[in-house]
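Trainee: Hi, could you walk me through this structure? I'd like to go through it bit by bit.
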Amino acid sequence: MTKTLFTNARLIRAVALTDNPGAMLIEGDSIAEVYDDTHPTVKDAQIIDCGGMCLAPGIIDIGVKISEPGERHKESFRSAGRAAAAGGVTTIVTRPDTLPAIDTPETLEFVERRASQDAPVNVLPMAALTKGRNGREMTEIGFLQDAGAVAFTDCDRVVTNTKVFSRALTYARSLDALVIGHVQEPGLSDGAAVTSGKFASLRGLPGVSPMAERMGLDRDIGLLEMTGAKYHIDQITTARALPALERAKRNGIDITAGVGIHHLTLNEFDVADYRTFFKLKPPLRSEDDRLAVVQAVADGLIDIICSMHTPQDEESKRLPYEEAASGAVGLETLLPAALRLYHEGLIDLPRLFRALSLNPAQRLGLRGGRMRPGHPADLVLFDPDAPFVLDRSTLLSKSKNTPFDGARMQGKVLGTWVAGQEVSGRL
Amino acid sequence: MSFRARHLLGIEHLAPDEITTLLDLADQYADHNRQGRSHKDVLAGITQINMFFENSTRTQASFELAGKRLGADVMNMAMQASSIKKGETLIDTALTLNAMHPDLLVVRHPNSGAVDLLAQKVNGAVLNAGDGPHEHPTQALLDALTIRRAKGRLHRLSIAICGDIAHSRVARSNIMLLGKMENRIRLIAPPTLMPSGMSEFGVEVFETMEQGLQDVDVVMMLRLQKERMDGGFIPSEREYFHRYGLDAAKLRHAKDDAIVMHPGPMNRGVEIDGTIADDINRSVIQTQVEMGVAVRMAAMDLLARNLRAARKAETVMA
């Protein structure tokens with residue numbers, strides 16, 4: 001078995017929450033040993049000198065939209081896989097909101113086949129919770145789980161019929177299946193393009209109160225108390241939702257929460273003169289909300305950071321703001337954007353990787369996210385300080401709809417390893 | 001002169017001195033229009049295209065007349081009935097039109113920000129004739145000119161804007177313009193028709209006409225769009241008229257010499273009592289229409305000057 005020794009590394013460990021110099025040996029597809037010594041002696045090992053740079057568990061990104069099947073011109077498994085490798089993402093957990101939706105074992109098999117042929121990183125598919133994501137009948141959760149679905153979600157569509165939703169949650173509980181939900185009160189948020197408030201009023205755009213998120217969360221907490229299902233919220237983006245989340249966790253409800261990287265690093269005023277690349281779902285929030293949510297990630301109340309990678313072509317974005325499509329690509333910019341929080345002193349690196357890697361692994365029951373012997377050698381090596389100006393034309397995603405075009409960023413991925421194999425890198 | 005803008009997309013990006021420059025010129029045009037003096041040379045050789053993606057009779061007529069009085073070649077395009085229905089995107093429409101080399105493009109669109117988007121893609125000067133509930137700059141400028149001529153100044157006045165502020169581009173442009181010129185602005189609306197966060201704009205917010213109209217110099221009424229009834233914003237037209245419609249009793253709370261304005265078209269008996277609208281001592285509604293032509297003449301004149309100067313500079317550079 002091939003042995004590779006990473007020497008002179010800065011090890012970011014999310015379980016112990018440490019950030020120390022050290023070294024790591026990988027053998028085959030697994031981690032073999034972790035050392036406090038930066039230059040241990042190991043026979044017959046190929047040596048990679050990390051030059052004091054950060055070595056961390058690879059990012060596990062829950063909620064990536066790959067536009068296969070249906071809109072392959074926006075993103076394919078190959079392009080998304082390459083973007084992920086360049087961004088230090090070693091596992092993509094794909095969304096089922098494709099055309100058609102991934103709601104049968106047959107469509108799920110298509111996804112798995114395409115992924116294994118084309119993507120250099122791990123791809124784990126999610127399946128729809130209801131057929132066609134229409135909120136009326138639950139999908140074949142058991143068959144889909146057997147076929148490899150790691151979670152069930154209707155993505156940004158809320159199951160409005162609580163009877164349907166409660167049955168799906170109850171059925172999912174019997175299979176110990178994870179359900180991922182989008183918490184927005186659908187009536188209040190109908191037709192909204194931005195968050196209500198000064199900015200919405202200034203621009204004359206239809207807004208939604210941040211309260212819609214709290215109301216959606218409250219409803220779902222009630223249903224979870226009723227059904228006992230295992231539940232993850234895709235994105236919590238407002239301060240007002242946090243106390244309810246904290247209470248639900250304290251009361252022993254099996255609930256976790258994520259947040260998209262754009263809501264952690266941008267606010268509603270970034271939309272400026274109708275810049276549609278900043279149109280997201282839910283919409284960007286106030287600066288107060290952003291800071292509260294960042295703090296919740298640092299405290300561990302919000303468990304997971306994801307990219308909410310959503311490729312959109314130029315045609316669907318070059319429209320009047322209300323009519324433009326929502327979403328932004330994020331696989332390649334997730335790490336440098338997250339490092340903004342580190343450079344601002346809002347969160348340290350181990351806690352960042354707890355949210356980027358360890359917690360998503362734990363929630364999905366994966367063995368990744370830990371730098372311990374026997375665990376998969378899914379790793380990212382990065383320079384946290386290297387400055388650059390993002391040019392969207394250099395992105396590997398087929399779609400270039402990033403809000404960070406022209407932004408000054410810090411943090412470059414030097415190498416990404418999946419199961420011990422290097423999949424991209426500049427070393 | 002100091003008017004530097006390339007397009008007239010909104011009041012937000014105009015400086016107070018630019019507003020004053022435009023109003024001074026419009027003031028002259030208003031006098032000349034009354035005297036019947038012609039200015040066919042000002043926009044001679046200039047092509048003006050009016051693109052209305054949303055119904056309009058008054059604004060379109062006003063822009064058309066303004067262009068013709070200054071000698072422009074004016075063309076009207078009813079976009080509702082045309083290519084948009086065939087699935088063409090706004091950007092493609094803009095590029096197609098741009099290839100015809102229009103000098104002045106007057107655009108109205110039902111979406112906020114759509115006129116800004118279009119302006120990024122064309123070489124001529126773009127005038128926003130209303131984009132969604134965002135801005136309607138020439139309406140705010142004509143209101144300002146009407147106030148200035150009636151009150152002798154455009155600063156340190158107390159001005160009430162009343163009615164459906166949430167859906168009104170007229171209100172937004174007026175709040176910005178009157179704020180830039182250092183006036184005291186009072187907004188009066190039922191809370192369902194008041195946009196959120198308005199108190200952060202440096203205006204006072206009221207929920208009753210009696211409080212809001214206290215000692216104001218100007219009462220600006222807004223049109224209540226009938227389609228708002230379906231959205232459940234207000235219970236009924238008659239209750240709205242009772243609580244927010246401008247009648248003699250409510251107007252008594254304003255100053256004795258307060259003027260009454262309305263951007264038209266009016267719903268008599270919904271937001272304004274007919275006798276108030278027709279009261280020649282109080283209502284300046286007809287003057288607003290007259291000033292509209294003058295303001296649009298001034299705006300197109302100034303933009304055409306900037307356009308010609310820019311083209312001349314390009315030629316010299318080449």
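Trainee: Is A:Arg10 buried, exposed or partly exposed?
Mentor: A:Arg10 is partly exposed, with a relative accessible area of 22%. Buried means under 20% relative accessible area, exposed means over 50%, and partly exposed lies in between (1.4 Å probe, protein chains only).
Trainee: Which residue does A:Arg10 meet in a salt bridge?
Mentor: The side chain of A:Arg10 meets that of A:Asp19, at 2.9 Å from N to O. A salt bridge here is a side-chain nitrogen of Lys or Arg within 4 Å of a carboxyl oxygen of Asp or Glu. A:Asp19 is partly exposed too, at 28%.
Trainee: Before I go on, where do the numbers come from?
Mentor: This is a predicted model, where local features need pLDDT of at least 70, side-chain atom pairs count only at pLDDT 80 or more, and totals for chains, interfaces and linings use all residues. Residues are numbered from 1 along each chain as its sequence is written, chains are lettered from A and ligands numbered from 1 in the order in which they are written, and side-chain values use heavy atoms, leaving out hydrogens and water.
Trainee: Thanks! How many salt bridges does the structure hold over all chains?
Mentor: There are 40 over all chains. One of them joins A:Asp118 and A:Arg114, at 2.9 Å from N to O.
Trainee: How far apart are A:Asp118 and A:Arg114 in their helix?
Mentor: They sit 4 residues apart in helix α2 (residues 105–118) of chain A, so about one helical turn separates them. Helices are DSSP runs (H or I, at least four residues), numbered from the N terminus. Both A:Asp118 and A:Arg114 are buried, and they belong to a network of salt bridges that also links A:Glu68, A:Arg72 and A:Arg78.
Trainee: New topic: how many residues does each chain bring to the contact between chain B and chain A?
Mentor: Chain B brings 24 residues and chain A brings 16, where contact means heavy atoms within 4.5 Å.
Trainee: Which three residues supply the most of the area that chain B buries there?
Mentor: B:Asn111, B:Ser112 and B:Phe201, which supply 29% of the area that chain B buries against chain A. The two chains bury about 1,500 Å² between them; buried area is the accessible area (1.4 Å probe) that two parts lose on being put together, summed over both.
Trainee: And which side chains form the salt bridge across that interface?
Mentor: The rule finds 1 salt bridge across the interface. The side chains of B:Glu12 and A:Arg203 meet in a salt bridge, at 2.9 Å from N to O.

Notes:
Helices (H or I, at least four residues) and strands (E, at least two) are DSSP runs, numbered from the N terminus.
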